[in-house]
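Here's a quick walk through one protein model, written for someone who likes to see the numbers next to the picture. Have the viewer open as you read.

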Amino acid sequence: MNTNKNHASTALLVMDVQGATVKNLQDTTHFFDALTKAIQTARTHQLPVIYVVVGFRKGYPEVSPNNKWFALLKNGTMNLDTEEAFLVHPSVAPQPNELVIMKKRVSAFAGSDLEVVLRAFGITHLVLSGIATSGVVLSTLREAADKDYAITVLSDCCADRDEEVHRVLTTKIFPRQADVMTSEYWCAKNPS
């Protein structure tokens, strides 16, 4: 595990923790406790906390009928109240000075200006959290690795509807490209 990462180059990404994704989880108590602590630790150490949300214009003009998942939004199958469904969950809401990046696909980089913001801040190390482990976390990790970011995944600050998929990803797949640890360990060792 590389412990020589510079604090100033590290950012915590809080991804897709929105009404629509939270409602897919059964028990969110441990997830929100861990995520709240990680966010507070990042703020205390003056690390940027960057929120990433998925969102679309009215009528979903950005959604192709070829996109199996997002086409469900466009044709109304998912039946989401777009106002509440696409907002950051109030228990971990961003502070006024924190950025909220809107993306158009699963990865935090897809259809967003995240990479421009990261470059402007001099960020080279991403600490990932979010819902779902098999969605935004997996896609963002893969793309971030290809873009040569150093990556940490906070395993208890990620959640998935399928606990076995979450376990396999955080214990077998993610460690190939990222340091994977609990928020407790990350907060205690130093947020880098």
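What follows goes from the overall fold to a strand pair, a few buried side chains and one pocket.

**Overall fold**

Keep in mind that this is a predicted model. The protein has eight helices and six strands, and along the sequence they come in the order β-α-α-β-α-α-β-α-β-α-β-α-β-α. Of its 192 residues, 49% count as buried. Looking at contacts between residues at least 6 apart in sequence, 78% of them join residues at least 24 apart.

**A parallel strand pair**

Strands β2 (residues 49-54) and β3 run parallel, with four bridges joining them. Tyr51 sits opposite Val100 of β3. Now follow the side chains along β3, residues 100-103, and they alternate. Ile101 and Lys103 point to one face and are buried, while Val100 and Met102 point to the other face and are not buried. So yes, a lysine is on the buried side here: Lys103.

**Buried side chains**

How many aromatic pairs does a search of the whole structure find? It turns up two. One aromatic pair is formed by Phe31 and Phe32, with an edge-to-face arrangement. The centres are 5.2 Å apart and the planes make an angle of 70°. That angle counts as edge-to-face because the cut-off is over 60 degrees.

Ser183 belongs to helix α8 (residues 183-189). Leaving aside residues up to four places away in sequence, Ser183 touches Ala34, Ala38, Leu154, Asp156 and Cys157.

Here is how Ser183 and the two phenylalanines come out for burial:

| Residue | Relative accessible area | State |
|---|---|---|
| Ser183 | 3% | buried |
| Phe31 | 4% | buried |
| Phe32 | 9% | buried |

Each of these gets the buried label because the threshold is under 20% relative accessible area.

**The second largest pocket**

Next, the pocket. The second largest pocket has a volume of about 290 Å³. Its lining is made up of 13 residues, and those closest to the centre are Leu25, Asp27, Ala159, Asp160 and Glu163. The elements giving two or more residues to this lining are α2 (29-44), β5 (150-159) and α7 (163-173). Which element gives the most to the lining? That's β5, with three residues.

If you're thinking about the chemistry of the lining, the split by class is four nonpolar, four polar and five charged residues.

Key
Residues are numbered from 1 along each chain as its sequence is written. This is a predicted model: local features need pLDDT of at least 70, side-chain atom pairs count only at pLDDT 80 or more; totals for chains, interfaces and linings use all residues. Side-chain values use heavy atoms; hydrogens and water are left out. On a 1 Å grid over the protein atoms alone, a cavity is a set of points where a 1.4 Å probe fits but cannot get out, and a pocket is an open set with protein on both sides within 12 Å along at least five of seven lines; lining residues have an atom within 4 Å of a point. Grid points are joined across faces, edges and corners, and a volume is the space filled by probe spheres set on the points. Ala, Val, Leu, Ile, Met, Phe, Trp, Tyr, Cys and Pro count as nonpolar, Asp, Glu, Lys and Arg as charged, and the others, Gly among them, as polar. Buried means under 20% relative accessible area, exposed over 50%, partly exposed in between (1.4 Å probe, protein chains only). Two strands pair if DSSP finds at least two bridges between them. Contact means heavy atoms within 4.5 Å. Rings of Phe, Tyr and Trp (its six-membered ring) pair if their centres lie within 6.5 Å; planes under 30 degrees apart count as stacked, over 60 as edge-to-face and the rest as tilted.
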